[in-house]
Amino acid sequence: MSDPTPAPRFQNPRARHHFTSRTCSVTGVGSYVPERVLTNADLEQMVDTSDEWITTRTGIRERRLAADQETTSDMAAEASRRALEMAGVSAEEVDLIIVATVTPDMPFPATACLVQEKIGARNAAAFDVEAACSGFVFALEIGHQFVASRTHEVVLVIGAEKLSALVDWQDRNTCVLFGDGAGAAVLRHRPDSAGLLTVTMGADGGKGSLLCVPAGGAARPASVESVRQRLHFIRMDGRETFKNAVQAMLSAAREALARCELDISQIQCVIPHQANQRIIDAVGSRLGVKEEQLFVNLDKYGNTSAASVVIALDEAVRGGRIKRGDLVLMTVFGGGFTWGGAVLEW
Ligand SMILES: CC(C)(COP(=O)(O)OP(=O)(O)OC[C@H]1O[C@@H](n2cnc3c(N)ncnc32)[C@H](O)[C@@H]1OP(=O)(O)O)[C@@H](O)C(=O)NCCC(=O)NCCS
């Protein structure tokens, strides 16, 4: 007599879907920028600078600043409401929230948890991702993995920053560059679309000190001395950051295109990280991007770090620059250093 088949030792819930992946699309996008506008003329009153210097060196004309009581999670929640509305999804249907930010409301709880509460997404898990200005593209790839693997159905991916809280308003080298804002994207499987075709990601931790906030973490907790030395603000080597940004954004974009066997001419909209017009121009010309393919809103918002490309994506979609079936290329760079490239079928 043969032995009966032994009872399985456990249930493997992941085996239920046989590990076959599926595509993941952005089905809704939304953004929010605060009302208050800080112009280059305003900055002339604050530090030794000029509208002419800022405009010619960076392309930035104005940026938005959050109100004193307005937090990163407030901006993220408003952007999320707009993205959910476009996607036609209720907050209760969201089962995962990922917030990319370097300006969380506080060290913990995660800003994603605060957003969950504010929008009423009571069925969602929530956590933050920190990859500085590359954060949204990194979070997009993470969210994609959950949808592709059938672990989650509706993932809300957000890039949100209150950089004005980290800017040293006495440092003309940095204070002219940054702004506040948020953008959000709803990720789902959409049967008739290839969705997010690929994401490339990279990092070089050896160059971390070139763009950082030195204190306020566990290595250098806040102290009277750290405050006196202004170590809680952004420190940046502008020239080195510039050079690295051009190289990294270029190679990330090229790798993403190569993986999809796409030529740049097949891309309808290129959305680079909005840090500096000269970086965008250098990357764009080397990639062979035509002016009509490029989306730039840097002049209005400055560098909003993790919120940058998703605010741009939202404005491009709502402004009719991106239509269903169009191919979008994003390329980003940030502190870490980190970088990434993404190709998306809208
Ligand atoms: C910051 C940045 C605009 C400076 O432009 P730049 O052409 O490299 O300028 P330099 O660093 O050569 O500085 C030139 C001079 O302008 C001065 N300067 C800097 N900021 C100024 C300002 N806001 N107004 C007037 N002068 C300024 C500098 O002090 C320097 O003066 P010096 O030669 O007497 O020392 C540029 O390096 C940059 O954009 N870097 C990348 C920043 C970035 O994108 N960071 C985020 C990445 S995610």
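**Helix H3 and an enclosed cavity**

Modeller: In this predicted model, H3 is followed by Gly88, whose phi is positive, near 65°.

Biologist: What makes the span of H3 close to the expected one?

Modeller: The expected span is 1.5 Å times one less than the number of residues, and for the 16 residues of H3, 72-87, this gives 22 Å, while the distance from the first C-alpha to the last also reaches 22 Å.

Biologist: Which residues of H3 are called buried, and why do they earn the word?

Modeller: The cut-off is a relative accessible area under 20%, and those that are buried in H3 are Thr72, Ser73, Met75, Ala76, Ala77, Ala79, Ser80, Ala83, Leu84 and Ala87.

Biologist: What covers the buried residues of H3?

Modeller: The cover includes strands S1 (25-32), S6 (155-162) and S7 (180-188), together with helix H4 (111-119).

Biologist: How many cavities of 30 Å³ or more does the structure hold, and what volume has the largest?

Modeller: There is 1 such cavity, and the volume of the largest cavity is about 40 Å³; the word cavity applies because a 1.4 Å probe fits there but cannot get out.

Biologist: Which elements each supply at least two residues of its lining?

Modeller: Strand S11 (269-272) and helix H9 (277-287) do, with H9 giving the largest share, 4 residues.

Biologist: How do you know how the lining divides into nonpolar, polar and charged residues?

Modeller: The lining consists of Val270, Pro272, Ile280, Val283, Gly284, Leu287, Val289, Leu294 and Thr331; since Val, Leu, Ile and Pro count as nonpolar and Gly as polar, the division is 7 nonpolar, 2 polar and no charged.

Definitions and conventions: Residues are numbered from 1 along each chain as its sequence is written. This is a predicted model: local features need pLDDT of at least 70, side-chain atom pairs count only at pLDDT 80 or more; totals for chains, interfaces and linings use all residues. Side-chain values use heavy atoms; hydrogens and water are left out. Buried means under 20% relative accessible area, exposed over 50%, partly exposed in between (1.4 Å probe, protein chains only). Contact means heavy atoms within 4.5 Å. On a 1 Å grid over the protein atoms alone, a cavity is a set of points where a 1.4 Å probe fits but cannot get out, and a pocket is an open set with protein on both sides within 12 Å along at least five of seven lines; lining residues have an atom within 4 Å of a point. Grid points are joined across faces, edges and corners, and a volume is the space filled by probe spheres set on the points.
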